Amino acid sequence: MTLKPFVTLIAKLLLICSIQVGTSAQITSSDLTSFPPHVEKYISDYHSIAIEEMHRSGVPASIILGQGMLESFYGKSRLTRFAKNHFGIKCHENWTGETFYHESNEFVNGKMIVISSCFRKYDNAKHSFEDHTDYLMNRNIYTSLFESKNTTYLYWAKGLQDKGYATDPNYSKKLIDMIEKYNLHLYDNYQLNEVLVQQNKPLNIIDNKINNLEDKLLYAQQTKVKLETIYQRHVQNNDDKHLSDLKAGLEMLQLSIERLQSDIESVRSQVRHIQQVDMLIVDGRRATKTKDGFNLVEIAKVMDIKIEDLLAINQLEEEIFLPNDYLIYLEKEEESFFKHDKNNVINHFFKE
């Protein structure tokens, strides 16, 4: 019985698998949708308000977004759905607006209990975000946070817990975890006319792509070891009948292995590029900002735009390295479907 069909089939299948993986290894901006739908929706709906409130008050946008997501359970909590209250702010003595009674978990003497409390009710989410800012600004207990030169989300998260914003002893840790898990700190660097519409994909998701390639590589390597064992056995037994077929199979497997290794490095290289590119909306046009001399060719590749078009849009004559935070438009002004519809810009982008 000849081994040729067996050897050739395995080798060809692995080779084809490698080539297909090589094609799918290309990561472009269309690959970058990042988080579960309910998380993406909350961020896309409210991050522009958080940026506005940051510039009005000095509270980091990441803190505002993180608290909103944490307190409202991404907008799904009963308090948020029926009272538009995203931050769990209670009535207190000076509240003259509408109210909503709701059971909440509170920590008393280190133990969690459920109590019914009076919460503020709003007409819409924007009012809730604005009142949250006013709530912090108008209470003396938080004055030191606003006066500090430390504007990082780490400082604010720990400061809010120290000042008694929440009774949960793990509140600051949960808030920081929320911010870092969903890259909310990116919003702390944006101006009022900038809208971040797409974030870098979390590393664990990209790692899955690399892990898939590595699994295929391991399988190819293990198959090669088995064939090498069979090959050596035929050599020792002076059986020349299948040596040429086995040798051909081993060569094809080696080609598959080398291609898979190349694919893995290609993905890792693209990941390094993607992590340096954020999608923005600036004055109604899609744009991005460079980081540390990022090459225009690399921006064009990641954003899936011809380099010639990118140069023309930005009135640049050559492919140059650019300084950090250099604004690069990704479309002509007349091509923009965003225009100046600030409230709907996110929904339009993701529908596209």
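Arg259, at a relative accessibility of 34%, counts as partly exposed in this predicted model, and the side chain of Arg259 meets that of Asp263 in a salt bridge with an N to O distance of 3.7 Å. Both residues belong to helix α10 (residues 243–274), where they stand 4 residues apart, about one turn of the helix. The partner, Asp263, has a relative accessible area of 5% and is therefore classed as buried, since buried means under 20%.

A pair with a comparable placement along a helix occurs in helix α2 (residues 37–57), where Asp45 and Lys41 are 4 residues apart and thus separated by about one helical turn. These two residues form a salt bridge whose closest N and O atoms are 2.6 Å apart. Here Lys41 is exposed, with a relative accessible area of 51%, whereas Asp45 is partly exposed at 25%.

Another salt bridge joins the side chains of Asp131 and Arg120, at 2.8 Å from N to O. This pair links distant parts of the chain, with Asp131 located in helix α5 (residues 125–137) and Arg120 in strand β2 (residues 111–120), 11 residues apart. Both partners are buried, Asp131 having a relative accessible area of 13% and Arg120 one of 4%.

Beyond these pairs, Glu52, Lys126 and Glu130 are linked in a network of salt bridges. Over the whole structure, the search finds 10 salt bridges, among them the pairs Asp263 with Arg259, Asp45 with Lys41 and Asp131 with Arg120.

Methods. Residues numbered from 1 in each chain as written. Predicted model: local features only at pLDDT ≥ 70, side-chain atom pairs only at ≥ 80, totals over all residues. Heavy atoms only, no water. Salt bridge = Lys/Arg side-chain N within 4 Å of Asp/Glu carboxyl O. Helix = DSSP H or I, 4+ residues; strand = E, 2+ residues; numbered from the N terminus. Buried < 20%, exposed > 50% of the residue type's maximum accessible area, 1.4 Å probe, protein only.
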